[in-house]
Amino acid sequence: AHARYSAARPKSAEIHTRAREHLPGGNTRSVLFYTPFPTAMARGEGARLWDVDGREYTDLLGEYTAGLFGHSEKRILDAVKMALDNGINLASVGVAEGQLAAILCGRFPSLDMVRFTNSGTEANMMALAGARGFTGLSDVMVARGGYHGGVMTFGSEKNAVNVPLPLHFMDYNDAEGAAASIRALKGRLGAVLVEPMLGSGGCIPASRAFLAALREACTETGALLIFDEVMTSRHSEGGLQKLHGITPDLTTLGKYVAGGMSFGAFGGRADIMGVFDGHKPGTLPHAGTFNNNVWSMAAGNVAMGEIFKGEAVTALHARGEKLRAALNAACAGLPMQFTGIGSMMCVHFRSGDIIRPYKAEPSEEKLRELFFFDMLEAGFYLARRGMAALSLPVTDEDCERFASAVTEFVALRRPLF
Ligand code: PMP
């Protein structure tokens, strides 16, 4: 697969070789690295991508969920252009940030108040800072295999990086174990940070019972429950919290919310968010040159206020559910399945319920790699780990072609299962 891949992509190979002279690994986003070298894209339009060697792809990755609107949504581009026409950096407050805050607070049950950042990573760091400021408690609990950003890496006991707070781990979907740990840490634990579906961890949904157990134990002990909805906020107008009817104390957002421009947000209960209120004594600082940048704020207003709401949200969700059912039908009976919710899904090469991240066998890794390269060859762009995140311009016909390609993969690679 590598030989065929490399032969078809001489320009991508050259870009990688040159970039490696000054960028370790050849790029600046770890997730985009894979061997032998990543495909370099030249252009995108709607849900189509063209690489630098002229090959065309259906984009099923949707910029890891940030590209929800496709590559050329006119209303977003117009909003950004109009904002930039009025000046790039104004070093002042503007009307658009208050409007976007009102839209988000109107949608997400947990959000009374919100503040903006430039990334989901920063949003999570600020949410943890806010939780500590409010509770006076520094310990944090996260799930093994969760992902909350590229600066603080939680991972597990063995590989946490850059986390300046005392850290505790729970197993995802272990309701009883997690609740017991939270109770045992009463008086020390200030925050439980969790994705209501593991995104990077493989599109593994939390059971409602797990989230409800966290909610109950946090309420009992005074630790703040933080939902990282950076990826999952697309699953309803008010995120997965609204679908489950479980309201965290704080929520973090990111990815598509500003129409594909850089974005993050953290928010929640008014009393907690009050620690950032400059009108009050002892305010916690939250600065950032680009926090309210005019292009993200303008695009966010159009993205969330005009495009991704109501029927658009439910239709995307339904399209994803239908696609995942078709994909799972294509691999029925084999150790292969697609997990996820709505428009987000990820392939796994094993049977049985997947409730938390696991260590894959070499044979599973091999199939995962083949799947990625075979799909690329068939003209479908996915994450290297096998994740898809549908964007609004993806059509039913695109989904049907993808399901056919997966059926062909299963037929061709069956001897390797
Ligand atoms: N939280 C989750 C659940 C994410 O998936 C990501 C990004 N993949 C982040 C936080 C970090 O967001 P960003 O890349 O914008 O910093």
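Let's start with a helix pair: the axes of helix H4 (residues 95–107) and helix H10 (residues 294–307) come within 9 Å and cross at roughly 35°. The crossing of H4 over H10 is left-handed. Keep in mind that this is a predicted model.

Who meets whom here? On the H4 side the contact uses Ala96, Glu97, Gln99, Leu100, Ile103 and Leu104, while H10 brings Val294, Met297, Ala298, Gly300, Asn301, Met304 and Gly305. Sorted by class, the residues of this contact come out as eight nonpolar, four polar and one charged.

Zooming out, the protein chain holds 13 helices and 16 strands. Its C-alpha trace spans about 65 × 55 × 45 Å along the principal axes. A compact globule of 417 residues would have a radius of gyration near 22 Å, and the chain, at 21 Å, agrees with that.

Now for the sheet. Seven strands form an open sheet with mixed pairing, in the order S4-S12-S11-S10-S7-S5-S6. S4 and S6 sit at the edges with a single partner strand each, so one side of each has no neighbour in the sheet. Ignoring direction, neighbouring strands are turned by 20° against each other on average.

At the S4 edge, the partner is S12, paired with S4 in the antiparallel sense over five bridges. One bridge to look up is that of phenylalanine 116, whose partner in S12 is alanine 265.

Helix H5 packs on this sheet, touching S4, S5, S7, S10, S11 and S12. The direction of H5 makes about 165° with that of S11. Here is where the strands that H5 touches lie in the chain:

| Strand touched by H5 | Residues |
|---|---|
| S4 | 113–117 |
| S5 | 139–143 |
| S7 | 189–194 |
| S10 | 224–228 |
| S11 | 250–254 |
| S12 | 264–268 |

H5 also turns up at the ligand. Which element gives the largest share of the shell around the ligand? That is helix H5 (residues 120–135), with three residues. There are 17 residues around the ligand, and Ser119, Gly120, Thr121, Gly149 and Val230 come nearest. By class, the shell has 11 polar, four nonpolar and two charged residues.

Put together, H5 is a handy landmark when you browse the model: H5 packs on the seven-stranded sheet, and H5 supplies three residues to the shell around the ligand.

How values were computed: Residues are numbered from 1 along each chain as its sequence is written. This is a predicted model: local features need pLDDT of at least 70, side-chain atom pairs count only at pLDDT 80 or more; totals for chains, interfaces and linings use all residues. A residue is near a molecule or strand if its C-beta atom, placed from the backbone, lies within 6 Å of it. Helices (H or I, at least four residues) and strands (E, at least two) are DSSP runs, numbered from the N terminus. Ala, Val, Leu, Ile, Met, Phe, Trp, Tyr, Cys and Pro count as nonpolar, Asp, Glu, Lys and Arg as charged, and the others, Gly among them, as polar. Axes are lines fitted to C-alpha atoms, for helices over the stretch in contact, and angles run from 0 to 180 degrees between N-to-C directions. A crossing is left-handed if the near helix is turned anticlockwise from the far one by less than a right angle, and right-handed if clockwise. Two residues are in contact if their C-beta atoms, placed from the backbone, lie within 7 Å. Two strands pair if DSSP finds at least two bridges between them. The radius of gyration is taken over C-alpha atoms; the globule rule is 2.2 Å times the number of residues to the power 0.38.
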